Amino acid sequence: MSLPPSATPRRRSRLPWVLLGLGVAVTGLLSTGWHFADALVWAPAVRRRVPRTRVLGVLDDGQPPRLLLTRNPATIRPGVLGLEWDDPAGVRFLAQLGPTLEQTRRTVTRAVEWQEAALLPGQEVRPSTVGLGTPASRGLPYEDVLVPAEHGLMPAWLVPGGPGGGAAGTDWVIVTHGYKGLRQDALRILPTFARLGLSSLTITYRNAHGAPRTRQGVYRLSAEEWQDLEAAVRYAREHGARRVLLMGFSMGGGITLAFLRYSALAPLIRGVILDSPPLEWRSLIRHYARRYRLLPLAGLVEWLTVFKSGQDFDAIDHHSVMYRFTTPMLLFHGSADRTVPVAHVERLAHARPDIVEYHRFEGAEHVRPWNINPERYEQVLTRFVRRVLPDEEL
């Protein structure tokens, strides 16, 4: 039976629209996947916005005194909060506030744990849960040094741990910041290392803020950055380090584990401290895709990342080699970490209790276990350092 003459043209007229719709859909998927793949590895300059914050009131009718602050994303974060401000002469001061006591739609009340100078209503302050300034803002003498590495000289802070203000002949800890992080992230813990007599070297690595850039200017998510940590270990040894520890925040922890996997200098390391480390990135891509309700795109993002930057995901799958590690590890992680889920790191902790000392901080966000309980964090860290660097060896 033949079709009416008008039927055939009508069917043919739909085909271009179907093809156009498919093309738009495919283009949309590729564009979205390309955007997330680019965001994953591109290493831009880091500019952390400090929200405008004022002291709205000082409540000193009890002990300790309390501050009423502008409510914003920084001042409502859980745990300890740091404040920085300048007096009219430009002198910088610091204060540390305890957890939130009360909050309204516009204000937050926190107790003052310590402060270097009085705060008055109307004072503009800079809040931070990680760190602002330099080691000098924590009362620590330090040097700006340059560590020779494959792609150039890496800026670093050297806080000497010797009684005479020197670093030679002391034990060292090399601290590595995280993904799109800054050296300031280490400021919370550098005073503890100084009290323990360790010299600390807080480094940057290729493509990080202020560090030399590679031709592509992308993160390798620890697959290559470990070579810059190796350069820092070499620098420490050349400048008189006796025994060496490593500490990594977030991706800095992944870089630390990659160093243990690939560096010929790994046997020199007496212990490592990991704070919120990513251990395997394929599962993290799926985690982010699920979090943003884009789970079907996870495989596409992974493929595009390999296509764009040549990323080697096997090289940074530290879960797959966790039975090969032999170096003592101290692992901190927060239960409220939405960047690296707590189950992600507990896989390592549960598999290797023979070398991993694990401490979970309830309610802590990414790289903020210290903020939830500084005293506990520092006590645990002190015990670990004394265990892996015993005095009887000196």
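**Entry 1. Strand pairing in the open sheet**

I take two strands as paired if DSSP finds at least two bridges between them. I note at the outset that the model is predicted. With that criterion I looked up strand β8 (residues 152-159) and found it joined to β10 by 4 bridges, the two strands running antiparallel. Within this pairing I located L158, which stands opposite L201 in β10.

I then followed the sheet as a whole. It is open, consists of 8 strands in the order β7-β8-β10-β9-β11-β12-β13-β14, and has mixed pairing. I recorded β7 (143-149) and β14 as the edge strands, since each pairs on one side only. I also noted the average turn between neighbouring strands of this sheet, which is 20° with direction ignored.

**Entry 2. Helices on the sheet**

I asked myself which strands α3 lies across. They are β7, β8, β9, β10, β11 (244-249) and β12 (269-275), and the helix runs at about 120° to β7. For α7 I found packing on the sheet through β13 and β14, with a direction at about 155° to that of β14.

I examined helix α7 (residues 342-351) further and listed its buried residues as V342, H344, V345, E346, L348 and A349. These buried residues pack against α5 (281-291), β13 (329-334) and β14 (356-361).

**Entry 3. The barrel**

I traced a closed barrel of 6 strands in the order β1-β2-β5-β4-β3-β6, with antiparallel pairing. Its twist averages 45° from one strand to the next. I checked the pairing of strand β3 (residues 81-86) with strand β6 (residues 124-128), which is antiparallel over 3 bridges. In this pairing L83 stands opposite P127 in β6.

**Entry 4. Nonpolar cores**

I looked up the largest nonpolar core and found 60 residues in it; I174, L201, L246, F259, L260 and M329 have the most contacts inside it. Helix α3 (residues 226-238) gives the most to this core, with 7 residues. I noted a second, separate core of 30 residues, which includes W157, L245, V367 and L381.

I then listed the contacts of L260. Leaving out residues up to four places away in sequence, L260 touches A266, I269, V272, F325, T327 and M329.

**Entry 5. Aromatic rings**

I searched the whole structure for aromatic pairs and obtained 8. Y179 and Y219 form a tilted pair, 5.2 Å centre to centre with 45° between the planes. Y179 lies in the loop between β9 (172-176) and α2 (190-195), and Y219 in the loop between β10 (199-203) and α3, so the pair ties together parts that are 40 residues apart in sequence. I compared the accessibility of both rings' residues: Y179 is partly exposed at a relative accessible area of 24%, whereas Y219 is buried at 1%.

Are F332 and Y377 stacked or edge-to-face? I recorded them as stacked, because their ring centres are 3.9 Å apart and their planes stand at 15°, under the 30 degrees that the class requires. F332 lies in strand β13 and Y377 in helix α9 (residues 374-388), so this pair ties together parts that are 45 residues apart in sequence. F332 counts as buried at 0% relative accessibility, and Y377 is buried with a relative accessible area of 1%.

I closed the search with two further items. Ring pairs link Y179, Y219 and W281 into a cluster. The charged end of R376 sits over the ring of F361, 3.9 Å from its centre.

How values were computed
Residues numbered from 1 in each chain as written. Predicted model: local features only at pLDDT ≥ 70, side-chain atom pairs only at ≥ 80, totals over all residues. Heavy atoms only, no water. Axes fitted to C-alpha atoms, helices over the stretch in contact; angles between N-to-C directions. Core = buried A, V, L, I, M, F, W, Y, C linked by side-chain atoms within 4.5 Å. Buried < 20%, exposed > 50% of the residue type's maximum accessible area, 1.4 Å probe, protein only. Contact = heavy atoms within 4.5 Å. Phe/Tyr/Trp six-rings, centres within 6.5 Å; stacked < 30°, edge-to-face > 60°. Lys NZ or Arg CZ within 6 Å of the ring centre and 35° of its normal.
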